[in-house]
Amino acid sequence: MSYPYQIKSFEEYKAAYQKSIEDPAGFWEDIANHFTWKKKWASKEDVLRWNFKEPTVEWFKGAKMNITENCLDRHLAERGNQPAIIWEANDPEYPSRILTYKKLHEKVCQFAHVLKNNGVQKGDRVCIYMGMIPRLAIAVLACARIGAVHSVIFGGFSAQSIADRLEDAQATFIITCDGAYRGAKDIPLKSVIDDALIGNKTIKKVIVATRTRTAVSMIKGRDVWWEDEVQHIEDKGITYIEAEEMDAEDPLFILYTSGSTGKPKGVVHTCGGYMIYANYTFVNVFQYQPGQIHFCTADVGWITGHSYVVYGPLSAGATTLMFEGVPTFPDAGRFWDIVDKFKVNILYTAPTAIRSLMGFGLGPLQGKDLSSLKVLGTVGEPINEEAWHWYDENVGKKKCPIVDTWWQTETGACLISNMAGITPAKPSWATLPMPGVQMVLVDENGKEVEGEAGQTVSGNLCVKAPWPGILRTTWGDHERCRTNYFATYDNMYFTGDGALRDKDGNYRITGRVDDVLNVSGHRIGTAEVENAINMHAGVVESAVVGYPHEVKGQGIYAYVIYQGSHAQNTHGSGDLVRKDILQTVTRMIGAIAKPDKIQFVSGLPKTRSGKIMRRILRKIAEGETENLGDTSTLLDPAVVDEILNGRI
Ligand code: PRX
């Protein structure tokens, strides 16, 4: 498979960008022509229809396709025996596995039959809660094969979080595992699902794959074993299923993500546009060459895993490496062992992982052959220059371009990134927008920030027109999609991020401008954490802000007013109450949302209208003791001194 749309020089990038802005439909139509369609779009008018007011975005509406034919069937003739997925287990002693395109195709088809036999129909929502094993990719693709809408939930989320998502999506099926291995831990996934299902009225079947052999309870009539179900299909000698005909605009998946208000929202991506955009960015950003091994370390529970472990690489006929474990198990040399063992060519990871590995020094890199590496990538949060240079010098040995890819769950795939070795890199700058992406900076009134020639300017990051991978709606609540992303500024998609732009048009992301935290590259809403803390008996009120954290990028700082029966405890070290609160957050959301610091306070700085002045709390959490800004409008300015004195 070759990629006629793979950009080969900076000049070609500029030309592609120009064309994509002048004639977006023509630009993407040319690319779409290289994919497999059951029926093509009727005319160029059908390539793109949009209106950001409602919002409506339709790419290739009326065209018929199935993403799995593009990810599997179309590669069989040329690369049926090439590895599609290489899998490395958590335990380095456990045998790794290779699934060729032929084998993966067969397994996806067989599991698609299992889904059908269990009553899953086109359009049904299927929740997937599994560890990073090949069957997770098989489950995702099998849903897509029959037109069911998958919603993968990261294995670190709690039963309560899952219950909320099942309810919101009105999901009718679950695919899970008995348990998952992550580093030294076994996570009892099925047991978490059982808790999530208490009181649930929509789930008809739970399909359980075995991985850890942890004891699980299997409820008659509801729970079935993956292996038994597949065996029935294999016994009949079935290895194929026709791919369901999907409209390009039918939903492919829902992925829940945090915002600044309320519960996480279900971001909806559709089949056609998402496929083309994930593929296009994979091929261009990483400059993938046929036969190379691509290792994206993200979990499929996040968008990065969807787009750059599964759909992007497989749609390009690439070999994708899936790793079950964590970078520091059994030691901090694990990534380097994997690169050495499989001769990985592209390594794509998060700045938080790089910073954490930096902390172990160069010892874990010694004796590891990293010479196969050609391209390095980062995603999920701004990368600081120190981490960038460490990655460049010690991992890439100064010969691998580093792509700093900026994007979001809502954008489906990269919007801003350099293209490896093709467009210039600039440490800690995500650099230039992808072709088709009309990035702008606006001031708080929505006015475009132009800046004078030669100047670096700053503003809120927005996009003026749709690219194929943009979200289409938030599940079950289109109005929420409009107000969240399309109502802040007229006729623009608002990312929620602030950014700088230099004289050459490069972007540097400065971070969220809303109440969303980015902890180890994971998005967490402050309101969500506050709601969880407030569930704890005795908590009167809380306020959560972020603060700079050396490894995680941002840490979570919680100010809590506590008057429970254990109140005296807060006057001592307060440790027990702190632990109780952490436990509550773990139950309500998951361990990833646990505050790093909890400070007990008797009041919060509020304006006379009752609004919490987060700006002040943020400054205190950041270690600022003076220059807290104007505190004269506060209802009770004395509270600020108390908070300052009790700072952790
Ligand atoms: O703030 C930006 C940050 O992560 C947010 C998106 O989070 P999520 O939807 O979970 O997706 C993460 C993986 C794509 C953005 O609003 N972010 C993501 N990539 C970068 C980044 N910040 C700076 N540089 C990046 N490369």
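About 50 Å³ of space lies in the second largest cavity of this predicted model. The lining of this second largest cavity is formed by Arg125, Val126, Cys127, Ser151, Ile153, Arg165, Leu166, Ala169, Ala171 and Tyr256. Two elements, β6 (125–129) and α7 (159–169), each give two or more residues to that lining. Sorted by class, the lining of the second largest cavity holds seven nonpolar residues, one polar residue and two charged residues.

## Cavities in the whole structure

A search of the whole structure finds four cavities of 30 Å³ or more. The largest cavity has a volume of about 70 Å³. Its lining consists of Met130, Gly131, Met132, Phe154, Gly155, Ala180, Tyr181, Arg182, Ile187, Leu189, Asp299 and Glu324. Strand β9 (residues 180–182) supplies the largest share of the lining of the largest cavity, namely three residues. In terms of class, the lining of the largest cavity divides into seven nonpolar, two polar and three charged residues.

## The second largest pocket

The second largest pocket contains about 340 Å³ of space. It is lined by 17 residues, and those nearest its centre are Arg97, Lys107, Arg135, Trp226 and Glu227. Three elements give two or more residues to the lining of this pocket: α5 (101–117), α6 (134–146) and α9 (226–235). Of these, α9 provides the largest share, with five residues. By class, eight nonpolar, three polar and six charged residues make up the lining of the second largest pocket.

The table below sets out the volumes and the lining classes of the three spaces described so far.

| Space | Volume | Nonpolar lining residues | Polar lining residues | Charged lining residues |
|---|---|---|---|---|
| Largest cavity | about 70 Å³ | seven | two | three |
| Second largest cavity | about 50 Å³ | seven | one | two |
| Second largest pocket | about 340 Å³ | eight | three | six |

## The ligand and its surroundings

The ligand has 17 residues around it, of which Asp404, Thr405, Thr409, Arg512 and Arg523 come nearest. By class, the shell around the ligand comprises six nonpolar, six polar and five charged residues.

Several contacts with the ligand can be described atom by atom. A backbone N or O atom of Thr405 lies 2.7 Å from a nitrogen atom of the ligand. A backbone N or O atom of Glu381 is placed 3.3 Å from a nitrogen atom of the ligand. In the case of Arg512, a polar side-chain atom lies 2.8 Å from an oxygen atom of the ligand. The protein covers 96% of the 540 Å² of accessible area that the ligand has on its own. The elements α11 (303–315), β20 (402–405) and β25 (507–512) each give two or more residues to the shell around the ligand.

## Backbone features in loops

Two cis peptide bonds may be described together with their positions. The peptide bond from Glu54 to Pro55 is cis, with omega near -10 degrees. Pro55 is found in the loop between β1 (48–51) and β2 (56–59). The peptide bond from Phe329 to Pro330 is also cis, with omega near -5 degrees. Pro330 lies in the loop that runs between β17 (319–323) and α12 (334–342).

Positive phi values occur at two lysine residues. For Lys343, phi is near 55 degrees, a positive value in a residue other than glycine. Lys343 is located in the loop between α12 and β18 (346–349). With a relative accessible area of 38%, Lys343 is partly exposed. For Lys397, phi is near 50 degrees, again a positive value in a residue other than glycine. The loop that holds Lys397 lies between α14 (385–395) and β20. Because its relative accessibility is 44%, Lys397 counts as partly exposed.

## Gln289

One further loop residue is Gln289, found between α10 (271–285) and β16 (293–296). Gln289 is partly exposed, because its relative accessible area is 32%, and partly exposed residues fall between the cut-offs of under 20% for buried and over 50% for exposed. Gln289 and Asn345 are 56 residues apart along the chain, and their C-alpha atoms are separated by 9.6 Å.

Terms used. Residues are numbered from 1 along each chain as its sequence is written. This is a predicted model: local features need pLDDT of at least 70, side-chain atom pairs count only at pLDDT 80 or more; totals for chains, interfaces and linings use all residues. Side-chain values use heavy atoms; hydrogens and water are left out. A residue is near a molecule or strand if one of its heavy atoms lies within 4 Å of it. A polar contact is a pair of N or O atoms within 3.5 Å; within protein, one must be able to donate a hydrogen and the other to accept it, and residues adjacent in sequence count only if both atoms are side-chain atoms. Accessible areas come from the Shrake-Rupley method with a 1.4 Å probe; for residues, only the protein chains shown count as cover. Helices (H or I, at least four residues) and strands (E, at least two) are DSSP runs, numbered from the N terminus. Ala, Val, Leu, Ile, Met, Phe, Trp, Tyr, Cys and Pro count as nonpolar, Asp, Glu, Lys and Arg as charged, and the others, Gly among them, as polar. On a 1 Å grid over the protein atoms alone, a cavity is a set of points where a 1.4 Å probe fits but cannot get out, and a pocket is an open set with protein on both sides within 12 Å along at least five of seven lines; lining residues have an atom within 4 Å of a point. Grid points are joined across faces, edges and corners, and a volume is the space filled by probe spheres set on the points. Buried means under 20% relative accessible area, exposed over 50%, partly exposed in between (1.4 Å probe, protein chains only).
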